[in-house]
Amino acid sequence: FPTAVSVGETMAVLLPDQTGPLEDVSSFHHSSGGAEANVARGMVALGIPTAWVGRVGDDGFGRRAVRDLSASGVDTRGVSVDPVRPTGLYVKEVGPRGSVLHYYRDGSAGSALGPELLDDPVAGPLLARAQLVHLSGITAALSDGALELVRALLRRPRGERLVTFDLNWRPALWRRRDPSVLRPLLDAADIVMLGTDEAAEVLGTGDPARLRALLPGPATIVVKDDAHQATALTGGTAATEPALNVEVVEPVGAGDAFAAGYLTGTLRGYVPRRCLRLGHLAAAATLVVPGDHGPPPPPALVDDLLGASPR
Ligand code: KDG
């Protein structure tokens, strides 16, 4: 059984071959993404056996996304194929002020996730036996059923199992839904990851101390701030680590890579500071490529770079 399971929607990704408005782009590179699937890839790259659980359509985009994940070593046994609904798609537009993600995922196979997943003969046991189940706020926005699934996974008695939650605020997905559902979800998780900007939009503050007071539930809250540093608040202690200084090509996916690194560190029993460092290292590999995921840093290099920090 995989150590970790990440649940959510994976999508086909069309990356433009040039920057500028979509109407001027004539060719795209076909890839795959989806925040939770990216986290699964990232954790596998760092050596943690991880499954991605979700739904894809019975179409080429779905087959390609699952093939890519399997080829990266992600356990895809728990993926369901929806006979009717299509695989979701996002198209990236790269402009002078950053990237915009255009979603084509209303009514997608992925958005048809629901609490019945817990009784699925394959996905159910994967979820029940994992040491860590990773979720994100994106899934909560996809449909009523997907929100119910997130609630059910957070509500279940979990013994030693960690349920981790990345806020992943995507305002475009919340236009017809009420984002106030997010706070109780965050508060029910064991480890929460969020950025100061998105926290300010969703919870009214990005200040770590105030977030701690607003979310007393999680054992750890990791706050990533504008100054490119991340702070882990665990119990009464705080550890802060700066990000690596890299030439950023495109930032989408870096948050997922950071989560993969942080959670891998947690599963390895690292102290929070070392978890943060591993998060930053993994994020750096994604910041320097145009797609959602970069080739993982080689394990020996990771160990070297982490070497000086305490375990
Ligand atoms: O974090 C990267 C994701 O934003 C990207 O893969 C698309 O999952 C996605 C989303 O819903 O924004």
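Which elements each supply at least two residues of the lining of the largest pocket? In this predicted model, these elements are β8, α7 (196-203), α9 and α10. Within that group, β8 provides the largest share of the lining, at five residues. The space in the largest pocket amounts to about 1500 Å³. Its lining consists of 39 residues, and those nearest the centre of the largest pocket are Lys224, Pro251, Val252, Ala254 and Gly255. Sorted by class, the lining of the largest pocket comprises 17 nonpolar, eleven polar and eleven charged residues.

The second largest pocket has a volume of about 410 Å³. A set of 13 residues lines the second largest pocket; Arg105, Asp106, Ala172, Leu173 and Arg176 are the ones that lie nearest its centre. Strand β8 contributes here as well, since β8 and α4 (137-142) each supply at least two residues of the lining of the second largest pocket. The class division for this lining is six nonpolar, two polar and five charged residues.

Enclosed space was examined next. The count comes to one cavity of 30 Å³ or more. The volume of the largest cavity is about 100 Å³. Its lining is made up of 14 residues, and Ala35, Tyr90, Leu101, Arg170 and Asp292 lie nearest the centre. Two or more residues of this lining come from each of α1 (35-45) and β8 (98-104). In terms of class, seven nonpolar, three polar and four charged residues line the largest cavity. Strand β8 thus recurs across the linings: it supplies at least two residues to the largest pocket, at least two to the second largest pocket and two or more to the largest cavity.

Helix α1, one of the elements lining the largest cavity, also packs against another helix. The axes of α1 and helix α9 (residues 254-267) come within 8 Å and cross at roughly 50 degrees. Because of this angle, α1 is oblique to α9. The crossing of the two helices is right-handed. On the α1 side, the residues in contact are Ala35, Asn38, Val39, Gly42 and Met43; on the α9 side they are Asp256, Ala259, Ala260, Leu263, Thr264 and Leu267. By class, the contact of α1 with α9 contains seven nonpolar, three polar and one charged residues. Ala35 appears both in this contact and among the residues nearest the centre of the largest cavity. Helix α9, for its part, supplies at least two residues of the lining of the largest pocket.

A further helix pair involves α10, which likewise gives at least two residues to the lining of the largest pocket. The axes of helix α10 (residues 272-287) and helix α11 (residues 299-306) come within 10 Å, with a crossing angle of roughly 135 degrees. This angle means that α10 is oblique to α11. The crossing of α10 with α11 is right-handed. Arg274, Arg277, Leu278 and Leu281 of α10 make the contact with Val302, Leu305 and Leu306 of α11. The residues of this contact divide into five nonpolar and two charged, with no polar residues. Both charged residues belong to α10, namely Arg274 and Arg277.

Note on methods. Residues are numbered from 1 along each chain as its sequence is written. This is a predicted model: local features need pLDDT of at least 70, side-chain atom pairs count only at pLDDT 80 or more; totals for chains, interfaces and linings use all residues. Side-chain values use heavy atoms; hydrogens and water are left out. Axes are lines fitted to C-alpha atoms, for helices over the stretch in contact, and angles run from 0 to 180 degrees between N-to-C directions. Helices (H or I, at least four residues) and strands (E, at least two) are DSSP runs, numbered from the N terminus. Angles under 35 degrees count as roughly parallel, over 145 as roughly antiparallel, 65 to 115 as roughly perpendicular and the rest as oblique. A crossing is left-handed if the near helix is turned anticlockwise from the far one by less than a right angle, and right-handed if clockwise. Contact means heavy atoms within 4.5 Å. On a 1 Å grid over the protein atoms alone, a cavity is a set of points where a 1.4 Å probe fits but cannot get out, and a pocket is an open set with protein on both sides within 12 Å along at least five of seven lines; lining residues have an atom within 4 Å of a point. Grid points are joined across faces, edges and corners, and a volume is the space filled by probe spheres set on the points.
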